[in-house]
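I sat down with this one to go through its salt bridges and one helix pair. My notes follow.

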Amino acid sequence: MMTFCRTVLEDDSDKERFTRLYRANRRQMARIATQILGPGPQAEDAVHDAFLKFIRHFDGLRGKSEAQIGRWLIVVVKNTALDILRKGQREVNLEPERWDPAAPADDGDFHALVALIRGMPEEYRRILELRFVAEWSTAAIAAELGLTEGAVKTRIFRGRKLLIHLMQKEGYLDGWACV
């Protein structure tokens, strides 16, 4: 990686500066990419892509200090990793048998509930699936979807409220007091 990037630069002082910045920031960049994407080739790709962006913007960063460029590189690798994560978002399998292995396959109410959830707006459906079906933490959901934990908690609250409303409308909660 470093060799390729150095060959793109023409001036020896630019090559030396790039080498210093690469060595000073690559470990922290790899750590951030790994925190977002997990260990493996995707994290390595995020770091690689961030350095390629650095080369493309090298001339525009000439007046910046190495500390400023280091902070810029951290933001770039974080955003690159989040972009990779969004592109490859995992989907939760919505087959009823995968939600609750003990649920009978012919349970009409359960299938109707799954249909209600499937019909919810994507911003709530996805978060409710990850939280209550896959049992992810709010922090993990926030990292997966590129949201703040506060936004995830708000969407969980609103999604649950919408689901309760839909369930009441369909008659599933008759006689239940839901808040």
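For my purposes, a salt bridge is a side-chain nitrogen of Lys or Arg within 4 Å of a carboxyl oxygen of Asp or Glu. I ran that over the whole structure, a predicted model, and got five salt bridges. I wrote up three pairs, among them R20 with E66.

Entry, R20 and E66. I found these side chains in a salt bridge, 2.8 Å from N to O. R20 sits in helix α2 and E66 in helix α4, so I read the pair as linking distant parts of the chain, 46 residues apart. Buried or exposed? R20 is partly exposed at 43% relative accessible area, and E66 is partly exposed too, at 33%.

Entry, α2 against α4. I looked up how helix α2 (residues 12-37) and helix α4 (residues 66-87) meet: their axes come within 9 Å and cross at roughly 35°. The crossing is right-handed. On the α2 side I noted contact residues including R17, R20, L21 and M29, and on the α4 side E66, I69, L73 and V77 are among them. I sorted the contact residues into 14 nonpolar, three polar and four charged.

Entry, R62 and D59. I get a salt bridge here as well, with the closest N and O atoms 2.8 Å apart. R62 is partly exposed at 42%, whereas D59 counts as exposed at 57%.

Entry, R126 and E144. Their side chains meet in a salt bridge at 3.5 Å, N to O. The pair links helix α7 (residues 122-133), home of R126, to helix α8 (residues 138-145), home of E144, across 18 residues. I checked burial too: R126 and E144 are both buried.

Conventions:
Residues numbered from 1 in each chain as written. Predicted model: local features only at pLDDT ≥ 70, side-chain atom pairs only at ≥ 80, totals over all residues. Heavy atoms only, no water. Axes fitted to C-alpha atoms, helices over the stretch in contact; angles between N-to-C directions. Helix = DSSP H or I, 4+ residues; strand = E, 2+ residues; numbered from the N terminus. Left-handed = near helix turned anticlockwise from the far one by under 90°. Contact = heavy atoms within 4.5 Å. Nonpolar A, V, L, I, M, F, W, Y, C, P; charged D, E, K, R; others polar. Buried < 20%, exposed > 50% of the residue type's maximum accessible area, 1.4 Å probe, protein only.
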